[in-house]
Amino acid sequence: MSEVKNEFHVEGSPTPAPVVEIEKNELPNPGSFVHTSDDNIVKENDLVLIYISKTNIRPLVLHKEGRMNTKYGTFLHTEIIGKEYGSQIGKYMNSNQVNRGRKHQKKNGVQEEEDEKKFGFIHVLKPTPELWTLSLPHRTQIVYTFDSSYITERMQINSLSNVLEAGTGSGSLSHQFSRSCKRLFTYEFHEVRKQQAELEFRQHGLLYQDYLDGKIKDKNSANIIINHRDVCKDGFLVEQVENINGDAVFLDLPAPWEAIPNLNKPGVLNQNKQVRICCFSPCFEQVDKTIEALEENGWGGIEMVEIQGRNFEGRKRMVKYIDDAVKVLSEQKERRNVGSVNFKKLKKARQELENKSVTEIDESNDLKRFKTNSTPKDEKFNPFGKGLRIKEGDANYEWSNVTKIESEIKSHTSYLTFAVKIFNIDRQE
Ligand SMILES: C[S@@+](CC[C@H](N)C(=O)[O-])C[C@H]1O[C@@H](n2cnc3c(N)ncnc32)[C@H](O)[C@@H]1O
């Protein structure tokens with residue numbers, strides 16, 4: 001299998017472009033993004049997403065003779081074909097991979113148990129627009145799921161909506177829209193980007209033209225009409241359809257105010273409904289100009305929103321007691337006073353003495369200390385000192401439930417400007 005190299009400059013992409021192991025012109029089995037069938041078994045020539053880690057999800061078309069290299073080693077495609085979607089596939093790592101892992105873990109200050117490092121896992125997943133957003137080859141900045149889900153809901157996009165999108169870019173949002181709407185008209189003025197997006201839509205069974213040509217049977221999923229067009233200069237009308245009758249418009253362009261007047265042309269927007277627009281702009285000056293253009297062209301109900309999506313991860317944190325902190329501080333003071341060599345000897349002697357007396361301590365008293373963290377039954381552990389490595393949630397210790405917030409926001413934050421327009425006040429709604 002050859003790799004399709006990313007030919008495009010990535011404009012400030014927050015994640016590196018992943019390796020896409022799909023031949024340029026190969027057509028996987030149709031329906032990879034359609035989830036209506038009960039058949040959950042991975043087949044040869046299926047387009048699958050291989051989950052290696054949170055930041056490494058790889059699109060892959062499976063072939064009998066195919067191989068996939070990962071940090072855990074090489075997986076043969078035949079190890080994946082025949083499994084159920086969602087399956088975890090494991091691999092023993094060779095000593096080189098284990099050592100590489102060890103170095104990496106040392107750098108991050110994490111010490112892992114020996115045998116935990118020797119097994120690597122991947123998961124085989126069915127593509128969804130959300131997973132595609134995390135795994136697609138970036139040709140431009142993209143719209144992430146935090147924004148796209150809000151945009152879809154806010155513009156009330158449903159299975160009866162015709163949606164206009166400019167520009168197509170990497171096709172991240174196009175996949176989301178395609179799943180929710182009746183027909184998507186998407187426009188891209190960069191020819192190579194348009195061709196690349198068109199190829200992906202074809203490989204994913206989403207092109208309307210392929211339905212018209214009889215190559216795809218499912219009219220509901222093959223609903224994208226992609227156009228090579230500068231919407232600011234040449235507007236939105238297309239040859240394939242006389243009246244677009246758009247119900248929702250999404251503009252992710254450097255100058256949306258130049259495209260907004262072109263929406264007034266007859267046949268572009270639905271005259272019998274309330275039509276919604278959203279403009280995605282990274283800077284406030286652009287928002288300003290967009291609002292001006294919207295007002296001049298009869299749009300109302302203008303609102304600007306910024307999405308700051310973050311994941312919250314549920315974790316357990318060990319409950320620590322003041323006695324333990326006091327113990328660490330007094331030990332530090334003692335070490336300073338007697339010197340580290342004498343302190344070690346002193347500590348060893350004390351430990352031997354304590355170990356002797358531990359056997360004489362009443363069992364219930366021992367258990368009480370154990371539960372309050374300070375000193376487990378048979379090991380000396382102080383949660384403030386350099387203690388043992390304790391597994392999160394270990395039932396022998398006390399834990400409180402906490403949340404950890406992602407440090408980085410996984411989206412290119414932009415301002416979303418929404419507006420509505422009613423052409424015909426006596427509309428039939
Ligand atoms: C930021 S990208 C869009 C990313 C897309 N929303 C996604 O989620 O993948 C903007 C795209 O608009 C295209 N573009 C800019 N001006 C345009 C115009 N006047 N007409 C059509 N496309 C345009 C650019 O070539 C670029 O690919």
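Colleague: Where is Gly167 found in this structure?

Modeller: Helices (H or I, at least four residues) and strands (E, at least two) are DSSP runs, numbered from the N terminus, and Gly167 is found in the loop between strand S7 (162-166) and helix H4 (172-180). The peptide bond that leads from Ala166 to Gly167 is cis, with omega near -10 degrees. This is a predicted model, in which local features need pLDDT of at least 70 and side-chain atom pairs count only at pLDDT 80 or more, while totals for chains, interfaces and linings use all residues. Residues are numbered from 1 along each chain as its sequence is written, and side-chain values use heavy atoms, with hydrogens and water left out.

Colleague: Which residue in the loop between helix H3 (145-154) and S7 should I look at, and is that residue buried or exposed?

Modeller: Buried means under 20% relative accessible area, exposed over 50%, and partly exposed in between (1.4 Å probe, protein chains only). Gln156 lies in that loop and has a positive phi of about 50 degrees although it is not a glycine; with a relative accessible area of 48%, Gln156 is partly exposed.

Colleague: Which residues come nearest to the ligand?

Modeller: A residue is near a molecule if one of its heavy atoms lies within 4 Å of it. Of the 23 residues around the ligand, Val143, Glu188, Arg193, Asp230 and Asp252 come nearest. H4, strand S8 (183-188) and H7 each supply at least two residues of this shell, and H7 is the helix that spans 231-234.

Colleague: Which backbone atoms lie 3.0 Å or 3.2 Å from an oxygen atom of the ligand?

Modeller: A polar contact with the ligand is a pair of N or O atoms within 3.5 Å. A backbone N or O atom of Val143 lies 3.0 Å from a ligand oxygen, and one of Ser172 lies 3.2 Å from a ligand oxygen.

Colleague: How many residues does the largest nonpolar core have?

Modeller: In soluble globular proteins, nonpolar side chains tend to be buried together. A nonpolar core is a set of buried Ala, Val, Leu, Ile, Met, Phe, Trp, Tyr and Cys residues joined through side-chain atoms within 4.5 Å. The largest one here has 26 residues, and those with the most contacts inside it include Leu164, Tyr187 and Trp299. The largest share of this core, 3 residues, comes from S11, the strand that spans 274-281.

Colleague: What does Trp299 touch?

Modeller: Contact means heavy atoms within 4.5 Å, and, not counting residues up to four places away in sequence, Trp299 touches Leu263, Ile277 and Val420, among others.

Notes
A polar contact is a pair of N or O atoms within 3.5 Å; within protein, one must be able to donate a hydrogen and the other to accept it, and residues adjacent in sequence count only if both atoms are side-chain atoms.
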